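Me: I would like a close look at one loop, and then an account of how the rest of the model is put together. Please keep it plain and explain each term where you use it.

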Amino acid sequence: MDILQYQSDFLTYLESQKIVREPKNLYEPIDYILQLGGKRIRPILTLIASDIFSGNFSQAMPAALAVEVFHNFTLVHDDIMDDAPLRRGNETVHEKWDINTGILSGDAMLILAYQYFENYPPAIFQKLAQLFSKTALEVCDGQQLDVDFETRNDVTIEEYIKMITLKTSVLVAAALKMGAIVAEADEEQAQHLYNYGLNLGIAFQLQDDYLDTYGDPKTFGKQVGGDIIENKKTFLYLKALEVANNDDKQKLFALYNENQENISEKIKTVTSIFSDNDIPKQTHELIEYYTNKSFECLTHLNISEDAKGGLRMFGENLMNRKV
């Protein structure tokens, strides 16, 4: 399991599939977002799964690219909805072009993602398309819940975990299962791998929430404090409301429900309340819980110990990432 090899080969494949066609204002933004880099975690997971079950990861390249194009489509539209200025340290698509271009280019990406499945025989195509449609709809469900939470003051931690499972985690899980489908693994084994990815995806998003507040602006690639600016009811916020004293709770509630002219002061105050209430430590404990839960799923896989070790290492690296 050579992560760097998967990454290198995927980037070569991505470059070979570069879309150069008219109208330029539709396709240039697609090329722009796909070339911005990123961790490429989801397509790499598709390649890993195919390699584990068949010893051939090249056959999974079209499916991996479908996952990456779909993921970037969601980012383009999320950035519009969040009015985010930065993505991976660069201008977001709607900032570089405009909102209408971002919407239409995103739509085209969703359709392109489906087209990559046409590289497979009918039986595999059908399984991939079914999983993809289910996952895409779940991602939309999660995004809507995320939007709903912004105007609700009674969100529970359980509801939040459900939201990030739908918005983020199901795509991580589906990326793995797609690789297993391409490799023609049996359904039970593919599902165990899906469950590994589902729990890993929750840990991944919790780490993202942590980095949004405590990450290094130079390495994080997004605006640090973005969740605080947008009044996102993340685990950090919900846990703080659960454990903080009344004074801190009232401050948090006011900061998240009243218009704040001084944004930098808001970020500073909220971060201070999080730190005073030991929220970073409790976030890391929950990240570790879901990471270990994902590792438990590996015990049901009929794969080599080396492969299981590689999947564990992948999860541990995600848990300890800084970007």
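Where does Asp-83 lie?

Reply: Asp-83 lies in the loop between helix 4 (61–82) and strand 1 (86–87). Helices (H or I, at least four residues) and strands (E, at least two) are DSSP runs, numbered from the N terminus. The model is predicted: local features need pLDDT of at least 70, side-chain atom pairs count only at pLDDT 80 or more, and totals for chains, interfaces and linings use all residues. Residues are numbered from 1 along each chain as its sequence is written, and side-chain values use heavy atoms, with hydrogens and water left out.

The backbone at Asp-83 has a positive phi of about 55°, although the residue is not a glycine. Asp-83 is also exposed, with a relative accessible area of 54%; buried means under 20%, exposed over 50% and partly exposed in between (1.4 Å probe, protein chains only). Past strand 1 comes another loop, which runs to strand 2 (90–91) and holds Arg-88. Arg-88 is likewise a residue other than glycine with a positive phi, near 55°.

Another backbone feature is a cis peptide bond that joins Glu-22 and Pro-23, with omega at about -5°. Pro-23 sits in the loop between helix 1 and helix 2.

Helix 2 (residues 24–35) leads on to the cavities, since this helix gives the largest share, 4 residues, of the lining of the largest cavity. That cavity has a volume of about 70 Å³. Among its lining residues are Leu-14, Ile-19, Ile-30, Leu-34 and Tyr-116. Searching the whole structure gives 3 cavities of 30 Å³ or more. On a 1 Å grid over the protein atoms alone, a cavity is a set of points where a 1.4 Å probe fits but cannot get out, and a pocket is an open set with protein on both sides within 12 Å along at least five of seven lines; lining residues have an atom within 4 Å of a point. Grid points are joined across faces, edges and corners, and a volume is the space filled by probe spheres set on the points.

Next, a pocket. The second largest one has a volume of about 310 Å³. Its lining is made of 14 residues, and those nearest the centre are Ile-3, Ile-41, Phe-314, Asn-317 and Leu-318. Helix 1 (3–16), helix 3 (41–54) and helix 16 (305–319) are the elements that each give two or more residues to this lining. Helix 16 supplies the largest share, 5 residues.

Phe-314 appears again in the largest nonpolar core, a set of 71 residues in which Tyr-196 and Phe-314 touch the most other members. Helix 8 (residues 157–182) gives the most to this core, 11 residues. A nonpolar core is a set of buried Ala, Val, Leu, Ile, Met, Phe, Trp, Tyr and Cys residues joined through side-chain atoms within 4.5 Å. There is also a second, separate core of 28 residues, including Leu-236, Tyr-256, Leu-286 and Tyr-290.

Helix 8 also contains Glu-158. At 68% relative accessibility, Glu-158 is exposed. In sequence Glu-158 is 77 residues from Phe-235, yet their C-alpha atoms are 9.6 Å apart in space.

Aromatic rings are the last topic. The model has 10 aromatic pairs, where rings of Phe, Tyr and Trp (its six-membered ring) pair if their centres lie within 6.5 Å; planes under 30 degrees apart count as stacked, over 60 as edge-to-face and the rest as tilted. One of the pairs is Phe-117 with Phe-132, edge-to-face at 5.2 Å centre to centre and with 75° between the planes. Phe-117 is in the loop between helix 6 (99–115) and helix 7 (122–149), while Phe-132 is in helix 7, so the pair ties together parts that are 15 residues apart in sequence. Phe-117 is buried at 0% relative accessibility, and Phe-132 is buried at 2%. A further pair is Tyr-289 with Tyr-290: the ring centres are 4.9 Å apart and the planes are at 80°, so this pair is edge-to-face. Tyr-289 is partly exposed, with a relative accessible area of 45%, whereas Tyr-290 is buried at 11%. Returning to Phe-117 and Phe-132, ring pairs link them with Phe-70, Phe-73 and Tyr-114 into a cluster.
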